[in-house]
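Colleague: I am new to this structure. Please take a close look at the protein surface by the DNA, and then say how that part sits in the rest of the model.

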Number of protein chains: 2
Amino acid sequence: MSAERLSPTSYVVLGMIGLRGPSTSYDLKRAINRSIGYFWVFPHAGLYSEPQRLESMGLLSASSEEDGRRRRTYSLTEEGLRELRAWLAAPTNEHFQLRDVAELKLFFNELGEPDDVHRLAREQIAQHQQRIQVYEEMQQRFGGVAGVAPRMVTLRLGLEMEHAALRFWSSLDEDLNRGDEAPAAEPPPS
Amino acid sequence: MSAERLSPTSYVVLGMIGLRGPSTSYDLKRAINRSIGYFWVFPHAGLYSEPQRLESMGLLSASSEEDGRRRRTYSLTEEGLRELRAWLAAPTNEHFQLRDVAELKLFFNELGEPDDVHRLAREQIAQHQQRIQVYEEMQQRFGGVAGVAPRMVTLRLGLEMEHAALRFWSSLDEDLNRGDEAPAAEPPPS
DNA sequence: GTCCAACGATCTGAAACGGACCATACGGGT
DNA sequence: ACCCGTATGGTCCGTTTCAGATCGTTGGAC
């Protein structure tokens, strides 16, 4: 019936409205930027156009609200909620995507100065450490132990990922310190 | 002088040609799909158009090669190499992006059946385990210990990330098993 | 008042994207 | 010889994404 191809953006919009109740585009933009937007950037323009599309599909309903202002508040329709829940219940098989420029640089490191990798590693270590600290503060502020509640759980995954990255870059840094002037090339053909 | 905004795609192209030597678009496509493309998808169409752009900027040079076939082989120019090395030497401050649909579903989990999260977690565990296995086999096949060599190092980061994800979903699964019918809502106000 | 900053929203042009499509080759099978 | 299937190699095209500029609105501070 519906199903004109819903994108991740669609579900973020539906989901956010589901969590927060009726919202304007701006509300969505802010709510997203302060949570999942930290890992997966949804450009703001999309958060204005997408709700309109969803409305035209009958998954959202809009009310022009109060004193004739142009801001519109969107709510989930029954069908919207059904769609959302169906998505939540459906299996997920796609591989995640990483998109990390640092990783790219690392991949091509042998084309630059030997020093570049080293600097890169240290940069990354510092940055990940800093973010871990920020997250941990957030976690505290939001109230103690991690549950399955939104925000909390995403924070937890975020932390896990940051720690992984940190571990990786740290061990790379150590390797570099040890071998320092070492080959940095292919392992010897056995 | 040059600098008409180079994207990650640009650098992947430059870098790959740097690593492999003169290449056709198809070569690039394959080389990328079997390495970094595993985490960061570069659509093939871009790998045909981007080298042309780079050529027109003077960062690549093209030779129409042999018997009048239509395939073109691109090589780095001096300026291309300089650009690439400058990029490798420059600091990197952008936050990586994650783009994981499973994470999205998790974030919105409370809108679905309590069972959904659980199923999701188990799915993810299975999938990550499987990928870890694949990577480890690759690592062996490519020759032993991880170095700073391309492929190797990317694999290593990939593994680290997969392990992190696995740890996360596993611990979530345990929590769910323990609390099973538990609230799945906010942590209790202390 | 009027100036500035933050808020809220829209528009636009350029990339990114993915999938359909075209072509050419190669290897069997019958 | 012919047909079929599959891998190689490349192009095109119609949507989405995306980022940034722009525009209006609001609400203090002075």
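Modeller: A polar contact here is a pair of N or O atoms within 3.5 Å. The model is a predicted one, and the distances below are computed from it. With that cut-off in mind, start at A:Arg99: an N or O atom of its side chain is 2.9 Å from a phosphate oxygen of DNA strand C. Chain B reaches the strand as well. The side chain of B:Ser7 has an N or O atom 3.5 Å from a phosphate oxygen of DNA strand C, while an N or O atom in the side chain of B:His44 is 3.3 Å from a base oxygen. Two elements each give two or more residues to the surface near the strand, namely helix H3 (44–56) of chain A and helix H3 (44–56) of chain B. The most comes from H3(A), with three residues.

Now take that surface as a whole. Twelve residues are around DNA strand C, and those that come nearest are A:Tyr26, A:Tyr48, A:Arg71, A:Arg99 and B:His44. On the side of the strand, 71% of the atoms within 4 Å of the protein belong to sugar and phosphate. On the side of the protein, five residues are nonpolar, four are polar and three are charged.

A:Arg99 deserves a second look. Its place is the loop between helix H4 (78–89) and H5 of chain A. The residue counts as partly exposed because its relative accessible area is 25%, and that class runs from 20% to 50%. Its backbone is also worth noting. Most residues other than glycine have a negative phi. A:Arg99 is not a glycine, yet its phi is positive, about 50°. B:Arg99 is placed in the loop between helix H4 (78–89) and H5 of chain B. There too phi is positive, near 50°, and the relative accessible area of 25% makes B:Arg99 partly exposed.

The relation between the chains comes next. A turn of 180° with a shift of 0.0 Å along the axis lays chain A on chain B with an RMSD of 0.1 Å. The two chains are therefore related by a two-fold axis. In chain A, the residue closest to that axis is A:Leu98, whose C-alpha is 2.5 Å away. Both copies use the same surface, as 99% of the contact residues of chain A recur in chain B.

Last, the interior. The largest nonpolar core has 44 residues, and the members that touch the most others are A:Leu106, A:Met161, A:Trp169, B:Leu106, B:Met161, B:Trp169 and B:Leu172. In both chain A and chain B, helix H5 (101–107), helix H6 (114–141) and helix H7 (152–179) each supply at least two residues of this core. In soluble globular proteins, nonpolar side chains tend to be buried together. Beyond its neighbours within four places in sequence, A:Trp169 has contacts that include A:Ala102, A:Leu106, A:Leu120 and A:Ile125, and also A:Glu103, A:Gln124 and A:His128. Helix H6 of chain A also holds A:Arg119, which is partly exposed, with a relative accessible area of 32%. Its C-alpha is 9.0 Å from that of A:Asp173, although 54 residues separate the two along the chain.

Terms used. Residues numbered from 1 in each chain as written. Chains lettered and ligands numbered in written order. Predicted model: local features only at pLDDT ≥ 70, side-chain atom pairs only at ≥ 80, totals over all residues. Heavy atoms only, no water. Near = heavy atom within 4 Å. Polar contact = N/O pair within 3.5 Å; in protein donor to acceptor, adjacent residues only side chain to side chain. Helix = DSSP H or I, 4+ residues; strand = E, 2+ residues; numbered from the N terminus. Nonpolar A, V, L, I, M, F, W, Y, C, P; charged D, E, K, R; others polar. Core = buried A, V, L, I, M, F, W, Y, C linked by side-chain atoms within 4.5 Å. Buried < 20%, exposed > 50% of the residue type's maximum accessible area, 1.4 Å probe, protein only. Contact = heavy atoms within 4.5 Å. Least-squares fit on C-alpha atoms with pLDDT ≥ 70 in both.
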